[in-house]
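Please read the structure below alongside the text that follows. The paragraphs go through the chains one at a time, then turn to a single residue and to the spaces inside the protein.

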Amino acid sequence: MNSELRTFLLGIVGVPLCLLGLFAAVYGDNTGAMLGLMAERTPTLLTGSPDITSLDGGFLANIAMSIIAMAIAAVGGVILGVGLIAEFSIVRHVSDVVMNVLRNSPWLVVLYAMLYLLPFEVEIFGVYVTISPFIKSVIGLSLPVAANIAEIFRGGIQAIPSAQWESARSLGYRRLQILRHIILPQALPLMIPNLMTIYAMLFIGTSLVVVTGASDILSAAKVIIATTGSETASGFYIYILFLFFLFAFPIAILTRCLERRIGSVSL
Amino acid sequence: MTLDFSWLGDPLYQQWLITGIGTTLLMSLLGILLMLAIGIVGALFLHFRIPVLETITTVLVELFRNTPPLVQLFFLYFMLSSVGLSLTDPVTGRTVPLFSGFTCAVLSLGLYNGALAVEIIRSGLIGVPSQTVEGARSLGYTRFQTFRHVELPIGLRLCMPAMTNNVVSLIKTSSQAALVAVADIMYGATQIMVETFRNMEVMLLIWALYVVIASLVVVLMRRLTSMIRIPGYGVDQA
């Protein structure tokens with residue numbers, strides 16, 4: 001049995017047991033009743049509505065936000081990454097500063113800043129579009145992630161031996177052509193494990209969007225706790241930990257499998 | 001859009017910010033110490049494959065790594081405050097709750113980043129050349145002595161780049177503590193925003209403060225890395 005499978009089995013069995021034990025330790029004799037309450041409120045936590053008729057928030061919003069933010073960050077990260085390896089030293093230095101600033105800023109602060117930096121609504125072709133907390137959160141999350149992706153991008157490109165660049169150049173390729181046709185096809189597989197790690201980080205980070213007022217799982221939980229009483233708070237937080245774990249853990253294991261097979265970018 | 005930083009002249013706000021920086025730094029420092037302790041002990045359990053402890057460590061590491069630190073913090077805060085242990089301050093004679101927001105924040109930082117540190121230190125230990133370990137063993141070191149005097153010192157040095165990232169991540173994560181009312185930079189900022197309504201300016205200043213702190217820590221850690229480096233072990237960093 002290889003080590004990833006072992007860790008996976010241990011984690012997927014052990015962690016829920018561990019959380020259940022914690023749950024029982026907190027609630028003692030009331031454990032059964034509390035578990036019933038959790039089950040009853042599960043649709044609200046997952047989708048934001050008590051009956052699964054509309055999808056407006058909850059855990060699904062977290063997943064949606066992480067996917068959209070990842071897509072935006074991937075585009076931004078590649079642009080910034082190309083800047084990091086640009087020939088002009090000014091472009092390189094500017095990109096480097098931008099990357100370091102974004103990478104060193106706390107996600108929470110960026111999210112707060114987005115709340116005030118982004119306007120309430122923007123005019124696009126004469127149509128007023130309201131920038132909802134959801135959009136603000138997605139943008140706020142994608143900024144630091146873009147910086148991380150840019151760094152992975154640079155690391156992946158640099159992992160390819162420079163002889164590849166030189167021989168392509170001698171064949172008459174231009175710089176961006178070399179990047180697109182020769183370097184990236186070799187570098188992308190190397191980047192995948194790191195990108196997956198970043199995605200897992202981003203997904204875990206979506207719990208922070210509660211500060212922007214977006215209707216994510218934590219704000220759903222807050223509403224529920226306000227009605228069921230603060231003594232139920234620990235239970236709901238354990239449950240949320242469990243949900244996040246269920247989603248993030250398989251990604252982490254898959255990442256490790258891939259890492260062992262194809263290696264990864266050392267940053 | 002004009003930025004108005006005149007509120008910075010107010011001594012009260014300056015004091016809030018400075019206390020906030022102090023609290024953030026203290027919290028991060030304690031968090032880092034706890035993180036290192038957890039990381040080293042956890043890595044020791046995994047490295048020596050101590051029967052039961054190894055399994056428990058694996059489970060706990062996966063639990064803390066794959067769940068949001070914010071929810072961990074909320075959980076600790078709600079659970080531990082309901083336990084309600086308190087201790088008496090020997091100086092003032094007042095009873096203070098043992099698990100204040102600050103303690104919970106330090107604990108949660110230590111646990112989350114400690115779980116990451118376990119894996120980081122373990123990969124550092126794996127990176128120690130087997131010849132070095134065998135050399136120590138043949139000189140008569142016991143397994144634990146080898147760990148204590150040879151593998152750990154070299155392993156910690158090897159994992160310094162990853163550890164730098166982890167330390168920076170810990171400092172960044174510490175901003176969450178404001179959400180359980182720890183008076184750190186972030187908390188000071190929200191207070192100032194409530195009073196002055198200069199939301200954007202305050203947020204930009206806080207952003208800059210965190211970036212400066214994190215960048216300084218990165219520089220310091222690089223310095224430390226090259227200072228303690230043993231020639232021949234690890235990659236050369238020019």
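In this predicted model, chain A has an accessible surface of about 12,500 Å². Carbon and sulfur atoms account for 67% of that area. Chain A consists of 267 residues, and 49% of them count as buried. The C-alpha trace of chain A spans about 75 × 60 × 30 Å along its principal axes.

What secondary structure elements does chain A have? There are ten helices and two strands in chain A. Read along the sequence, the pattern is α-α-α-α-α-β-β-α-α-α-α-α, which puts five helices before the pair of strands and five after it. Contacts in chain A often link residues that are far apart in the sequence: of the contacts with a separation of 6 or more, 72% are between residues 24 or more positions apart. The charged side chains of chain A number 14 positive and 14 negative, and the centres of these two sets lie 14 Å apart.

One residue of chain A can serve as an example. Pro250(A) is located in helix H10, which covers residues 233–262 of chain A. Is Pro250(A) buried, exposed or partly exposed? Its relative accessibility is 32%, so Pro250(A) counts as partly exposed. The limits behind this reasoning are under 20% for buried and over 50% for exposed, with partly exposed in between. Leaving aside residues up to four places away in sequence, Pro250(A) touches Phe8(A) and Phe245(A). Another pair to look for is Pro250(A) and Gly14(A), which are 236 residues apart along the chain; their C-alpha atoms are separated by 14 Å.

Chain B can be described in the same order. Chain B exposes about 11,600 Å², and 66% of this comes from carbon and sulfur atoms. Of the 238 residues in chain B, 46% are buried. Its C-alpha trace spans about 70 × 50 × 35 Å along the principal axes. Chain B has nine helices and two strands, and from the N terminus on these elements run α-α-α-β-β-α-α-α-α-α-α. Among contacts in chain B between residues at least 6 apart in sequence, those joining residues at least 24 apart make up 76%. Chain B carries 13 positive and 12 negative charges, and the mean positions of the two groups are 11 Å apart.

The remaining topic is the space between the atoms. The second largest pocket holds about 380 Å³ of space. Its lining has 16 residues, and the closest to the pocket centre are Ile32(B), Leu36(B), Val167(B), Met221(B) and Leu224(B). Which helices of chain B each supply at least two residues of this lining? They are helix H1 (11–48), helix H6 (143–158), helix H7 (160–173) and helix H9 (199–228).

There is also an enclosed space to find. The count comes to one cavity of 30 Å³ or more, and the largest cavity contains about 40 Å³ of space. The residues that line the largest cavity are Leu73(B), Ala105(B), Ser108(B), Leu109(B), Thr173(B), Ser174(B), Gln176(B) and Ala177(B). Helix H4 of chain B, residues 101–126, gives the most to this lining, with three residues.

Definitions and conventions
Residues numbered from 1 in each chain as written. Chains lettered and ligands numbered in written order. Predicted model: local features only at pLDDT ≥ 70, side-chain atom pairs only at ≥ 80, totals over all residues. Heavy atoms only, no water. Helix = DSSP H or I, 4+ residues; strand = E, 2+ residues; numbered from the N terminus. Buried < 20%, exposed > 50% of the residue type's maximum accessible area, 1.4 Å probe, protein only. Contact = heavy atoms within 4.5 Å. Areas by Shrake-Rupley, 256 points an atom, 1.4 Å probe, with all protein chains shown as cover. Lys, Arg positive; Asp, Glu negative; His and termini not counted. Charge placed at Lys NZ, Arg CZ, Asp CG, Glu CD. 1 Å grid on protein atoms, 1.4 Å probe; cavity = no way out; pocket = protein on both sides within 12 Å on 5 of 7 lines; lining within 4 Å. Points joined across faces, edges and corners; volume = space filled by probe spheres on them.
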